[in-house]
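Trainee: Could you take me through one part of this model in detail, starting from a single residue and working outward to the elements around it? I would like a careful, connected account.

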Amino acid sequence: MTADVRRPTRRRGTLFTYAELAESLAAGEYDWHLAVRLLRELVLRTQRLTDVVDIDEVHRSPPPTGTRGWDAILGGVAHITGRDRVSDPEILAWCFEPDRFCTDAMFDPFGVPPKYFWTDYLRTPVELQTRNVVLPVGNLEGV
């Protein structure tokens with residue numbers, strides 16, 4: 001296998017993967033508002049990909065971030081962007097590991113004021129709601 005096939009991120013310089021975002025979060029490189037903006041950029045770029053090798057690379061299992069809520073967000077969003085697009089459903093198996101779900105408390109990276117909580121919750125994709133995360137879809141679509 002050539003380096004070009006193994007590392008499409010380095011080959012083209014345009015890919016940004018869930019693993020790279022997780023590594024940066026674990027290193028404390030971003031505040032959570034910037035991290036959500038980067039996640040949105042990752043979603044938008046992933047939607048434009050057509051090469052299955054690149055789609056698979058973007059969706060490879062990321063390391064833990066050190067924050068259960070972010071692990072849940074990455075698992076849910078990767079499931080959204082990879083469903084029916086990766087070459088093998090096993091690539092997304094990491095999205096359903098128990099550590100990719102919040103079990104104790106609802107995770108809200110923005111700390112939504114109580115009067116807006118239910119509005120934001122209802123606008124959160126079901127793939128994140130089932131993980132006990134509040135992150136309205138507009139944050140992922142760039143609207």
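Mentor: In this predicted model, a useful starting point is Thr81, which lies in helix 6. Its relative accessibility is 5%, and because the threshold for burial is under 20%, Thr81 counts as buried. Once the neighbours within four places in sequence are set aside, the residues in contact with Thr81 are Tyr18, Val43, Thr46 and His59. Two of these names, Tyr18 and Val43, return when the helix packing is described, with Tyr18 placed in helix 3 and Val43 in helix 4.

Consider next how helix 3 packs on helix 6, the helix that spans residues 68-82. Their axes are 11 Å apart and the packing angle is about 165°; since an angle over 145 degrees is classed as roughly antiparallel, helix 3 is roughly antiparallel to helix 6. The crossing of helix 3 and helix 6 is right-handed. On the helix 3 side the contact is made by Tyr18, Leu21, Ala22 and Leu25, while helix 6 contributes Trp70, Leu74, Val77, Ala78 and Thr81, so that by class (threonine counting among the polar residues) the contact of helix 3 with helix 6 holds eight nonpolar residues, one polar residue and no charged residue. Thr81 therefore belongs to this contact as its polar member.

Helix 3, residues 18-26, also packs against helix 4, residues 32-48, with axes that come within 11 Å and cross at roughly 175°. Helix 3 and helix 4 are therefore roughly antiparallel to each other as well. Here Tyr18, Leu21 and Leu25 of helix 3 meet Ala35, Leu38, Leu39, Leu42 and Val43 of helix 4, and the contact of helix 3 with helix 4 comprises eight nonpolar residues, with no polar and no charged ones. Tyr18, Leu21 and Leu25 thus take part in the contact with helix 4 and also in the contact with helix 6.

To set this part within the whole, the protein chain has nine helices and zero strands, and its pattern along the sequence reads α-α-α-α-α-α-α-α-α. Of its 143 residues, 47% count as buried, Thr81 being one of the buried residues. Among the contacts in the protein chain with a separation of 6 or more, 69% join residues that are 24 or more positions apart. Finally, the accessible surface of the protein chain comes to about 7,600 Å², and carbon and sulfur atoms account for 53% of that area.

Definitions and conventions
Residues are numbered from 1 along each chain as its sequence is written. This is a predicted model: local features need pLDDT of at least 70, side-chain atom pairs count only at pLDDT 80 or more; totals for chains, interfaces and linings use all residues. Side-chain values use heavy atoms; hydrogens and water are left out. Axes are lines fitted to C-alpha atoms, for helices over the stretch in contact, and angles run from 0 to 180 degrees between N-to-C directions. Helices (H or I, at least four residues) and strands (E, at least two) are DSSP runs, numbered from the N terminus. Angles under 35 degrees count as roughly parallel, over 145 as roughly antiparallel, 65 to 115 as roughly perpendicular and the rest as oblique. Contact means heavy atoms within 4.5 Å. A crossing is left-handed if the near helix is turned anticlockwise from the far one by less than a right angle, and right-handed if clockwise. Buried means under 20% relative accessible area, exposed over 50%, partly exposed in between (1.4 Å probe, protein chains only). Accessible areas come from the Shrake-Rupley method with a 1.4 Å probe; for residues, only the protein chains shown count as cover.
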